Amino acid sequence: MPAARRITSRNARFQQWQALLGNRNKRTRAGEFLVTGVRPISLAVEQGWPVHTLLFDGQRQLSKWAKELLRTVRTEQVAMASDLMMELGEKSEAPPEVIAVVEMPADDLGRIPVREDFLGVLFDRPTSPGNIGSIIRSADALGAHGLIVAGHAADVYDPKSVRSSTGSLFSLPAVRVPSPAEVMEWVEARRAGGTPIVLVGTDEDGECDVFDFDFTQPTLLLVGNETAGLSNTWRGLCDHTVSIPMTGSASSLNAANAATAVLYETVRQRIGQRKKASNSPSSRG
């Protein structure tokens, strides 16, 4: 293991990392954020995200995973006191053994790949970072190609968002944009390039049930703010709106659950389409 610097007090360097937890402006200026957990850190490394610093608990016997991480990732390493690790890990019981300081990627819509089977999600002005992370996790699990977080919103790189994504943040491009204009310019360019993306909004008064809409076409799914739903601007930009049928006393689902339900229906339709294509006479020669 390379020689590591040691930090045992709340010095200026520690305070810089601590500020990344709760201060979005400082995260943005620094261009970095904190990551905890075996799976998230492992995925960040596997997916090639630049790791600026690895902090580790210098007062405990490290696991085989942690030792291997410190041996193989060539970056600054800092051994910290357990109580400082607990603060940075926002833990109340036991400190994390490793915390990674990871570089933020650019908020560039070009990071989201667009193919003929494109499936993307746009989250309009989310207020809960936990919901952002949950949607990233669902979108990753259900085959989406990227997430767009639009408008004045909670931060993709807030610790709650990073934790609730359980590592999917490092596999699924998530891009922050200030307004609909940037998204529509990107969509129109993709359409001009031959991918006819349709914008489909979720709404309790949608024009049809989610089961009756054709999600096999290239789709950007629009999910509204947790309280107010989609803004009037985004409603006006939707090509179609869909609703999720409710049979109980609840009138709606929260944003993350609604997105997951529609993404699952999209996957169901697309798997069915592929099965039909593979069983057609032409595919069998």
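Begin by selecting strands 1 to 5, which form an open sheet of five strands in the order 1-4-3-5-2 with mixed pairing; strands, like helices, are DSSP runs numbered from the N terminus (E over at least two residues for strands, H or I over at least four for helices), and two strands pair if DSSP finds at least two bridges between them. The model is a predicted one, in which local features need pLDDT of at least 70 and side-chain atom pairs count only at pLDDT 80 or more, while totals for chains, interfaces and linings use all residues. Residues are numbered from 1 along each chain as its sequence is written, and side-chain values use heavy atoms, with hydrogens and water left out.

At the edges of this sheet stand strand 1 (5-7) and strand 2, each with a single partner strand, so one side of each has no neighbour in the sheet. Neighbouring strands are turned against each other by 25° on average, direction ignored; axes are lines fitted to C-alpha atoms, for helices over the stretch in contact, and angles run from 0 to 180 degrees between N-to-C directions. Next, pick out strand 3 (residues 51-57) and strand 5 (residues 98-103), which run antiparallel and are joined by five bridges, with Leu54 opposite Ala100 in strand 5. Then add helix 1 (residues 12-22), which packs on the sheet and touches strand 1, strand 2, strand 3, strand 4 (76-80) and strand 5, its direction making about 85° with that of strand 2; contact here means heavy atoms within 4.5 Å.

Now colour the chain by domain, with domain 1 at 3-101 and domain 2 at 109-275, bounds that come from an automatic or database domain assignment. The C-alpha centres of the two domains lie 31 Å apart, and 15 residues of domain 1 are in contact with 16 residues of domain 2.

For the empty space, select Leu21, Leu34, Val35, Thr36, Leu88, Gly89, Glu90, Pro159, Val162 and Arg163, which line the largest cavity. On a 1 Å grid over the protein atoms alone, a cavity is a set of points where a 1.4 Å probe fits but cannot get out, whereas a pocket is an open set with protein on both sides within 12 Å along at least five of seven lines, and lining residues have an atom within 4 Å of a point. Strand 2 (32-36) and helix 7 (159-164) are the elements that give two or more residues to this lining, which draws at least three residues from each of domain 1 and domain 2. The volume of the largest cavity is about 80 Å³, a volume being the space filled by probe spheres set on grid points that are joined across faces, edges and corners.

Move on to the open sheet of seven strands, whose order is 8-7-6-11-9-12-10 with parallel pairing. Strand 8 (174-177) and strand 10 (208-209) stand at its edges with a single partner strand each, so one side of each is left without a neighbour. Strand 10 pairs with strand 12 (residues 240-243) in the parallel sense over two bridges, and Asp209 stands opposite Ser243 in strand 12.

Two helices complete this view: helix 6 (residues 129-141) lies across strand 6 (119-124), strand 7 (146-150) and strand 8, at about 170° to strand 6, while helix 10 (residues 255-279) lies across strand 6, strand 9 (198-202) and strand 11 (219-223), at about 160° to strand 11.

Finish at the second largest pocket, of about 220 Å³, where helix 10 gives the most to the lining, with six residues.
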